[in-house]
Amino acid sequence: PILPSALSAAGYEAFAFVTNPQLHPDLGFARGFDHFSGFFGELENPKKIVTQDLVKTPAEEVFARVEATIKNRGDAPFFAYIHLLDPHGPYTPPEDLRNQFTNPDYTGKIEGTVEDFGIVRSSGKRFSPDLAHFKSLYDAEIVSTDRAIAGFVEWLAKESLLENTHLIITADHGEGFMEHG
């Protein structure tokens with residue numbers, strides 16, 4: 001992470017808020033940051049992340065910590081790297097979005113767990129009620145994440161920080177639901 005080091009040298013306070021244990025400080029990802037907040041539990045071995053290590057902290061909780069930290073930082077300019085793990089499985093969108101996106105007539109057993117994706121994938125069916133339900137949960141998670149980001153942008157505006165803030169929003173990947181391309 002050369003960017004946080006360069007910005008720190010230029011007088012910025014560099015913060016990292018990271019939900020993905022694959023960016024664990026023990027793997028060098030805290031280098032250059034003045035403050036590193038990891039939203040993951042103790043890992044037996046950060047070099048061998050397993051599915052169970054991907055415990056998701058909802059974006060709203062992450063942004064609440066980001067907002068509190070920024071508000072209490074002082075007057076120095078800041079750089080904040082915010083890495084959200086949603087929308088990644090398990091898909092656990094808020095109830096209102098779950099209801100908006102999923103078929104109320106769905107009677108299958110898919111709940112959005114990481115294991116459920118293996119079940120759906122092993123069926124080999126590109127079109128099935130289970131896969132459609134799984135995709136719907138994913139779509140609801142995307143909207144939930146969008147809401148959280150919008151709330152953070154609104155907070156920046158309310159705090160008069162938005163006009164001097166550059167937002168760069170990117171994603172590491174999407175999901176391939178029995179699709180190739």
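# Notebook: a predicted model, residue by residue

**Entry 1. Histidine 133.** I began with histidine 133, which I located in helix 5. The model is a predicted one, and I read every value below as computed from it. Is histidine 133 buried or exposed? Its relative accessibility is 8%, so I entered histidine 133 as buried, the limit for that class being under 20%. I then listed its contacts, setting aside neighbours within four places in sequence. Arg98, Thr102, Tyr106 and Ile110 are the residues that remain in contact with histidine 133.

**Entry 2. The chain as a whole.** I next looked up the overall make-up. The protein chain comprises 5 helices and 3 strands. Read from the N terminus, the order of elements is α-β-β-α-β-α-α-α. The C-alpha trace spans about 55 × 40 × 30 Å along its principal axes. Of the 181 residues in the protein chain, 36% are buried. I also checked the sequence range of the contacts: among those between residues at least 6 apart in sequence, 65% join residues at least 24 apart.

**Entry 3. Asparagine 103.** I turned to the loop between helix 3 (95–101) and helix 4 (114–123), where asparagine 103 sits. Its relative accessibility is 45%, and I recorded asparagine 103 as partly exposed. Which backbone atom does the side chain of asparagine 103 reach? I found the backbone nitrogen of aspartate 105, at 2.7 Å. I also noted a separation in space: the C-alpha atoms of asparagine 103 and alanine 132 are 8.7 Å apart, with the two positions 29 residues apart in sequence numbering.

**Entry 4. Aromatic pairs.** I counted the ring pairs and obtained 8 for the structure. For phenylalanine 33 and tyrosine 81, the ring centres are 6.4 Å apart and the planes stand at 40°, so I classed the pair as tilted, the class between 30 and 60 degrees. This pair links distant parts of the chain, 48 residues apart: phenylalanine 33 belongs to the loop between strand 1 (13–18) and strand 2 (35–38), and tyrosine 81 to strand 3 (residues 78–83). Phenylalanine 33 is buried, at a relative accessible area of 15%, whereas tyrosine 81 is partly exposed, at 31%.

I then examined tyrosine 91 and phenylalanine 134, an edge-to-face pair with 5.1 Å from centre to centre and 65° between the planes. Here too distant parts of the chain are linked, 43 residues apart: tyrosine 91 is in the loop between strand 3 and helix 3, and phenylalanine 134 is in helix 5 (residues 129–158). I recorded both tyrosine 91 and phenylalanine 134 as buried. Tyr91 and Phe134 also belong to one aromatic cluster, together with Phe117 and Tyr138.

**Entry 5. Helix 2 against helix 5.** Last, I looked up how helix 2 (residues 59–71) lies relative to helix 5. Their axes come within 9 Å and cross at roughly 15°. Why did I describe helix 2 and helix 5 as roughly parallel? The crossing angle is roughly 15°, and angles under 35 degrees count as roughly parallel, so the term applies to helix 2 and helix 5. I noted the crossing of helix 2 and helix 5 as right-handed. On the side of helix 2, the contact is made by Ala59, Glu60, Phe63, Val66, Glu67, Ile70 and Lys71. On the side of helix 5, Ser144, Ala148, Ile149, Gly151, Phe152 and Trp155 take part.

Notes. Residues numbered from 1 in each chain as written. Predicted model: local features only at pLDDT ≥ 70, side-chain atom pairs only at ≥ 80, totals over all residues. Heavy atoms only, no water. Helix = DSSP H or I, 4+ residues; strand = E, 2+ residues; numbered from the N terminus. Buried < 20%, exposed > 50% of the residue type's maximum accessible area, 1.4 Å probe, protein only. Polar contact = N/O pair within 3.5 Å; in protein donor to acceptor, adjacent residues only side chain to side chain. Phe/Tyr/Trp six-rings, centres within 6.5 Å; stacked < 30°, edge-to-face > 60°. Axes fitted to C-alpha atoms, helices over the stretch in contact; angles between N-to-C directions. Parallel < 35°, antiparallel > 145°, perpendicular 65-115°, else oblique. Left-handed = near helix turned anticlockwise from the far one by under 90°. Contact = heavy atoms within 4.5 Å.
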